[in-house]
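Q: Could you take me through one part of this structure up close? I'd like to know how the pieces there fit together.

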Amino acid sequence: MSRALTFHIGAIIVLAALQFILPVYHSGNLARIMVLAVYAMGYNVMFGYAGLLSLGHAMFFAVGMYGAGLSVRLFDMAAAPAFGTGIIASILFSLGVGLLALRTIGVAFMIVTLMFSQAIYLLILYFNPLTRGDEGFVIPRAVRQVAGFDLSDPTTRYFAALLLFAICLLGMVWLVRSRTGRVLIAIRENEERARMLGYDTWAHKLFAVVLSGTMSGAAGAAYGLLFGSIGASFAEVPFSILPLLYVLLGGPGTVIGPFVGTVFMFYLRDISSSFTDAHMLVAGVALVLLTMYARRGIMGVVRERWAKWLP
Amino acid sequence: MAAVTTLLSTRGLSRHFGGLRAVENVDFDLPEGEIRALIGPNGAGKTTFVSMLCGRIPPSSGQIIFGGRDVTALPAHKRVQMGIAYTFQITSVFSALSVRENVELAVQRIYRASPAALRDESDALLGRVGLEGRSDQIAGDLAYGHQRLLEIAMGLGQNPRLLILDEPTQGLSDGEVQSFIRLIHEVARETTVLLIEHNIDVVMALAQKITVMNFGAIIAEGTPEEIRANEAVQAAYLGG
């Protein structure tokens with residue numbers, strides 16, 4: 001087994017053990033962090049590996065979340081098929097976004113993703129009778145059951161989040177060392193060169209958008225089903241910026257980086273809000289310091305200095 | 001005498017940038033197995049011409065036939081997959097990746113093998129162009145001449161039918177130029193080579209035939225001796 005695989009499996013085992021060690025408050029946080037980290041990992045596929053900067057990733061999260069949530073609310077689906085519906089909705093939606101948005105590049109691509117995301121947000125508000133708009137809705141505890149497991153139970157919820165996180169993490173380890181993953185990196189580094197090596201760069205970028213959107217959508221669906229609350233705030237612009245911050249802090253183009261960035265941001269906010277209201281200011285200062293002194297993010301620096309093998 | 005097949009030809013190939021006729025109505029034939037040099041003064045349209053061949057620039061009009069197939073409408077990556085490899089005039093390697101990763105990216109498309117075999121193949125190629133022992137360096141840290149050699153290794157790694165080299169010896173030392181000439185002689189046993197080159201010694205040492213362009217058109221074509229004696233060519237270079 002390679003060092004990279006050992007390291008990431010080790011990380012999953014440590015996370016599993018933490019559930020039994022950490023106080024309830026922190027293990028509850030960690031469950032939420034793992035789901036948000038999946039959102040950030042999805043973001044990282046596009047931004048960190050394929051070099052595509054999206055400013056509208058909340059749309060993918062929201063499509064997954066509402067895909068699952070509305071299946072429960074409107075069609076009385078059980079949790080497992082609702083999760084599946086959320087994933088299918090995410091695949092189809094990200095395919096559509098990719099086909100349209102990839103006709104643009106650079107700044108135009110950023111604007112297009114931002115606008116699409118805003119359209120999703122406004123659609124959620126517009127269809128207020130179905131979505132209950134700003135207020136959102138709750139998925140009742142009775143529905144949040146899968147094969148006899150109660151997803152609202154903190155321990156079960158923790159392991160459900162860990163399962164999703166582990167699948168995505170190991171999937172990423174495999175992907176970035178596969179031929180496709182290496183072509184994505186090549187596109188990020190020099191798209192024209194990749195094209196002139198005979199790679200269909202457009203098709204690879206479309207794949208990156210679909211995979212990224214689907215992972216982020218899976219995070220949205222899981223968030224709704226695990227924590228029970230669904231609302232339009234998850235489709236708003238600030239929620240699109242969050243995964244960018246997580247990935248920038250943790251290390252773009254590293255597999256574990258998005259998780260590290262999510263932990264960092266989550267606790268930065270948690271700790272600073274206990275002594276000041278201006279917790280976003282603290283986050284901003286941290287980000288400024290990081291971009292000044294560690295532009296590659298936490299895990300990017302670790303890789304550069306100590307662990308060149310880190311994928 | 002065995003009939004020589006034509007690997008690549010163009011008919012009426014033109015490219016206009018606004019009012020500028022960068023390439024105008026070019027008919028060109030390249031037989032399989034030949035080393036052909038494409039020369040001409042700066043701005044003669046050489047790079048524009050080969051960029052149309054490999055699909056980086058769409059032609060304004062005309063036709064490109066490669067391996068008996070009309071490829072004019074094919075996107076660049078499809079042409080590369082058919083066997084046209086292009087090395088950039090302005091060095092264009094993946095500068096943040098290692099030298100080995102650069103070559104692996106070129107090799108992995110055609111060479112479906114285990115990571116270890118891919119690695120060995122890439123290191124062997126780097127040895128062939130004279131970059132042995134540099135596999136783990138970051139490509140962007142290489143000296144300019146070595147980046148040129150890396151470009152050539154990436155071209156060879158695709159095992160092309162046609163290798164287009166755009167000013168490959170620019171920035172190489174004299175010793176490196178000599179090894180480059182040896183390398184291309186060796187490569188030409190399996191591959192057709194189209195070479196844009198300013199170094200006339202390299203052209204004379206390598207080319208079986210020379211095509212001369214000026215103002216977007218072909219003004220002469222022939223063996224090195226014929227070209228040396230050609231008055232139109234002398235006029236183009238001397239501005240007479």
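A: Here is a walk through the place where the two chains meet, with a stop at a helix pair afterwards. Keep in mind that this is a predicted model.

Let's begin with the contact between the chains: 13 residues come from chain A and 15 residues from chain B. On the chain A side, α8 (179–189) and α9 (191–195) each bring at least two residues. The top contributor on that side is α8(A), with four residues. Sort the chain A side by class and you get seven charged, four nonpolar and two polar residues.

Now hop over to chain B and look at helix α3, residues 99–107. Nine of its nine residues are buried, so the helix is largely enclosed by the rest of the structure. The buried stretch starts with V99(B), R100(B) and E101(B), goes on through N102(B), V103(B) and E104(B), and ends with L105(B), A106(B) and V107(B). What's doing the covering? The cover includes α4 (115–128) and α5 (144–157) of chain B, and also α8 of chain A. That's the α8(A) we met as the top giver on the chain A side.

Last stop, back in chain A: the axes of α12 (residues 257–272) and α13 (residues 279–293) come within 8 Å and cross at roughly 135°. The two helices are therefore oblique to each other, and the crossing is right-handed. From α12(A), the contact uses M265(A), L268(A), R269(A) and S272(A), while α13(A) offers H279(A), V282(A), A283(A) and A286(A). By class, that contact has five nonpolar, two polar and one charged residues.

Definitions and conventions. Residues numbered from 1 in each chain as written. Chains lettered and ligands numbered in written order. Predicted model: local features only at pLDDT ≥ 70, side-chain atom pairs only at ≥ 80, totals over all residues. Contact = placed C-beta atoms within 7 Å. Nonpolar A, V, L, I, M, F, W, Y, C, P; charged D, E, K, R; others polar. Buried ≥ 20, exposed ≤ 12 C-beta atoms within 10 Å, placed from the backbone. Axes fitted to C-alpha atoms, helices over the stretch in contact; angles between N-to-C directions. Parallel < 35°, antiparallel > 145°, perpendicular 65-115°, else oblique. Left-handed = near helix turned anticlockwise from the far one by under 90°.
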